[in-house]
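The following exercises train the reading of a protein model, step by step. Please study the sequence and the structure before attempting each task.

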Amino acid sequence: MTNVMCPECAAQIEIGGDVVAGEIVQCPECGVELEVLSTAPLTVDLAPEVEEDWGE
Ligand SMILES: [Zn+2]
């Protein structure tokens with residue numbers, strides 16, 4: 001278990017040891033979606049908004 005700080009609300013988020021880069025986790029405090037950028041060291045950033053229209 002590792003703690004990272006939510007870049008949105010600065011809450012400490014516990015993340016399990018089995019996360020992989022690219023995984024999306026949700027902040028339990030503010031609900032924002034965070035993308036795991038790296039696991040060593042554990043780094044997260046705000047996940048990009050996914051648009052409904054994937055067209056083209
Ligand atoms: Zn948060």
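**Exercise 1**

Is E35 buried, partly exposed or exposed?

*Solution.* The model is a predicted one.

Step 1. Locate the residue: E35 belongs to strand β4.

Step 2. Count its surroundings: 15 other C-beta atoms lie within 10 Å of E35.

Step 3. Apply the cut-offs: a residue is buried at 20 or more such atoms and exposed at 12 or fewer, with partly exposed in between. E35 is therefore partly exposed, having 15 other C-beta atoms within 10 Å.

Step 4. List the contacts. When neighbours within four places in sequence are left aside, E35 touches G22, I24, V44, D45 and A47.

Step 5. Add a distance. Q12 is 23 residues from E35 along the chain, and their C-alpha atoms are 15 Å apart.

**Exercise 2**

Describe the secondary structure and the overall dimensions of the protein.

*Solution.*

Step 1. Count the elements: there are five strands and zero helices.

Step 2. Write them in sequence order, which gives the pattern β-β-β-β-β.

Step 3. State the extent of the C-alpha trace: along the principal axes, the protein spans about 40 × 20 × 15 Å.

Step 4. Consider burial: 4% of the 56 residues count as buried.

Step 5. Consider the range of the contacts. Of those between residues at least 6 apart in sequence, 16% join residues at least 24 apart.

**Exercise 3**

In what order do the strands of the open sheet stand, and why do β3 and β5 each have one side without a neighbour?

*Solution.*

Step 1. Give the order: the open sheet consists of three strands, arranged β3-β4-β5, with antiparallel pairing.

Step 2. Identify the edges. Strands β3 (24–26) and β5 (42–46) each have a single partner strand, so one side of each lacks a neighbour in the sheet.

Step 3. Describe the twist: from one strand to the next, it averages 40°.

Step 4. Examine the pairing of β3 with β4, which is antiparallel and has three bridges. Here Q26 has E33 in β4 as its bridge partner.

Step 5. Examine the pairing of β4 (residues 33–39) with β5: these antiparallel strands are joined by five bridges. L34 is bridged to L46 in β5, and V36 is bridged to V44 in β5.

**Exercise 4**

Compare the connections in the hairpins of the protein, and note the special backbone features found in them.

*Solution.*

Step 1. Begin with β1 and β2. Strands β1 (2–5) and β2 (12–15) flank the loop that holds A10. The two strands pair in the antiparallel sense through four bridges, and the bridge partner of T2 is I15 in β2.

Step 2. Inspect the turn of this hairpin. Six residues lie between β1 and β2, and A10 in the turn has a positive phi of about 70°. This positive value occurs in a residue other than glycine.

Step 3. Judge the exposure of A10. A count of 12 or fewer C-beta atoms within 10 Å marks a residue as exposed. A10 has 9 others within 10 Å, and is therefore exposed.

Step 4. Turn to β3 and β4. Their hairpin has six residues between the strands, and G31 in the turn has a positive phi of about 80°.

Step 5. Finish with β4 and β5, which are joined in a hairpin through two residues. P41 is placed in the loop between these strands. The peptide bond between A40 and P41 is cis, with omega of about 0°.

**Exercise 5**

Where is D53 found, and how far is D53 from C6 in sequence and in space?

*Solution.*

Step 1. Place the residue: D53 is in the segment after β5.

Step 2. Give the separations. D53 and C6 are 47 residues apart in sequence, and their C-alpha atoms are 28 Å apart in space.

Step 3. Determine the exposure. With 5 other C-beta atoms within 10 Å, D53 is exposed, because the cut-off for this class is 12 or fewer.

Terms used:
Residues are numbered from 1 along each chain as its sequence is written. This is a predicted model: local features need pLDDT of at least 70, side-chain atom pairs count only at pLDDT 80 or more; totals for chains, interfaces and linings use all residues. Two strands pair if DSSP finds at least two bridges between them. Axes are lines fitted to C-alpha atoms, for helices over the stretch in contact, and angles run from 0 to 180 degrees between N-to-C directions. Two residues are in contact if their C-beta atoms, placed from the backbone, lie within 7 Å.
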